[in-house]
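Thanks for coming. I have one structure to go through today, and I will put it on the screen before saying anything about it.

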Amino acid sequence: MGMRPTFFYDFFNPEVPPQIVNIRVDNNGPPQFRDLMKQWPVKKVLTSRDINYSQVVMPRDQVEDFILPKLLTAEQNSINRGQQFPITVRDLDTMTEYQLCLWENGSSYVLTSGWSASFVRRRVLQIGEEVGFNWDERLRLLSFTVLSRPPVPRQGG
C-alpha cells in the first residue's frame, strides 16, 4: 500500500489551480479516497441486510442533511409521499451508471431496484465494507464509491 499524488482539475473554472490530493493505493481494491472523505457526506458500513437483500439502507440523518435538500421540490414531495424516486447512481470507481430508486421505507431511506445486481454482485461487496454517496448537483445524480475494504487475510505463513 502506498500514497499517490492525484490532481483534480475544475474544468469549468480553468483559472483555478488543480487540487493535489494524496490517494492511498491498495492492491486489494480501488484507490481509497480517505483524503476526500468530506466529499462523501453519506457513508454506510454495509450490513448483512445491505448485501443479502435487494436494497441498501441509507443513514436517515445523512440523507435528510445532504441529499434531500439538493433535490427539486417536486422530487422531495414524491419521496415524502412514499413514492419511489428514480435516481441515476454513478459508480466513480468504475465510471458506470445505473438506474435505482430512492424512497422512504418507514424510519429509513433505501436505494433499491437494481442495488444487488448493479453493485453487490458486480462489485463483490462484502459485509463491513464502507461505501460513500454524494449528490452531484451539476449532473443531478448520486455518486458512489467504495471507501474501505477489510484487508484480505494472507494465506500460509
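Please start at strand E3, where the side chains alternate: Val42 and Lys44 point to one face and are buried, while Lys43 and Val45 point to the other face and are not buried. Keep in mind that this is a predicted model.

E3 runs antiparallel to E8, and four bridges join the two. One position to find on the screen is Val45, which stands opposite Glu130 in E8.

Now the sheet as a whole. Seven strands make it up, and it is open, with mixed pairing. Reading across, the order is E3-E8-E9-E5-E6-E7-E4. The edges are strand E3, residues 42-45, and strand E4, residues 56-58, each of which pairs on one side only. From one strand to the next, the twist averages 35°.

For those who want the background, strands of a sheet pair through backbone hydrogen bonds, either parallel or antiparallel.

Next along from E3 is the pair E8 and E9. Strand E8, residues 130-136, and strand E9, residues 141-148, run antiparallel and are joined by seven bridges. Within this pair, Trp135 has Leu142 of E9 as its bridge partner.

At the other end of the sheet we have E6, E7 and E4. E6 and E7 pair in the antiparallel sense over five bridges. Their hairpin has two residues between the strands, and Gly106 there takes a positive phi near 70°. E4 is joined to E7 by three bridges, and this pair also runs antiparallel.

Which residues stand opposite Leu111 in E7? On the E4 side it is Val56, and on the E6 side it is Leu102.

How much of E7 is covered? Five of its five residues are buried. Ser108, Val110 and Thr112 point one way from the strand, and Tyr109 and Leu111 point the other way.

Now the helices. Helix H3, residues 73-80, packs on the sheet and touches E5, E6 and E7, with its direction at about 55° to that of E6. Helix H4, residues 115-123, lies across E4, E5, E6, E7, E8 and E9, and runs at about 120° to E6.

Which residues of H3 are buried? They are Glu75, Ser78 and Ile79. Seen down the axis of H3, the buried residues fall within an arc of 95°, so they line one face of the helix. The general point is that an α-helix has 3.6 residues a turn, so residues three or four places apart point the same way. The buried residues of H3 pack against E5, E6 and E7. On the other side of the helix, Thr73 and Ala74 are exposed. After H3 comes Gly82, with a positive phi near 85°.

On to the interior. The largest nonpolar core has 28 residues. Those with the most contacts inside it are Met58, Ile87, Leu111, Trp115, Leu125, Phe133 and Phe144. At least two residues of this core come from each of E4, E5, E6, E7, H4, E8 and E9. Take Ile87 as a case: beyond four places in sequence, its contacts include Tyr98, Leu100, Leu102, Leu111, Trp135 and Leu142.

Three single residues before I stop.

The first is Asp91, in strand E5. Is Asp91 buried or exposed? With a relative accessible area of 0%, Asp91 counts as buried, because the cut-off for buried is under 20%. Its side chain makes a polar contact with the side chain of Arg122, at 2.8 Å. Leaving aside neighbours within four places in sequence, Asp91 is in contact with Thr96, Phe119, Arg122, Arg123 and Phe144.

Then Leu92, in the loop between E5 and E6. This residue is partly exposed, with a relative accessible area of 32%. Leu92 and Phe144 are 52 residues apart in sequence, yet 5.9 Å apart in space, C-alpha to C-alpha. Leu92 touches Phe144, and also Trp40 and Ser143, not counting residues up to four places away.

Last is Gln55, in the loop between helix H1 and E4. Gln55 is buried, with a relative accessible area of 12%. Its contacts beyond four places in sequence include Arg49 and Asp50, then Trp103 and Asn105, and also Val110, Leu111, Thr112 and Trp115.

That is what I have; questions are welcome.

Definitions and conventions. Residues numbered from 1 in each chain as written. Predicted model: local features only at pLDDT ≥ 70, side-chain atom pairs only at ≥ 80, totals over all residues. Heavy atoms only, no water. Pairing = 2+ DSSP bridges. Axes fitted to C-alpha atoms, helices over the stretch in contact; angles between N-to-C directions. Contact = heavy atoms within 4.5 Å. Buried < 20%, exposed > 50% of the residue type's maximum accessible area, 1.4 Å probe, protein only. Core = buried A, V, L, I, M, F, W, Y, C linked by side-chain atoms within 4.5 Å. Polar contact = N/O pair within 3.5 Å; in protein donor to acceptor, adjacent residues only side chain to side chain. Arc of directions from axis to C-beta.
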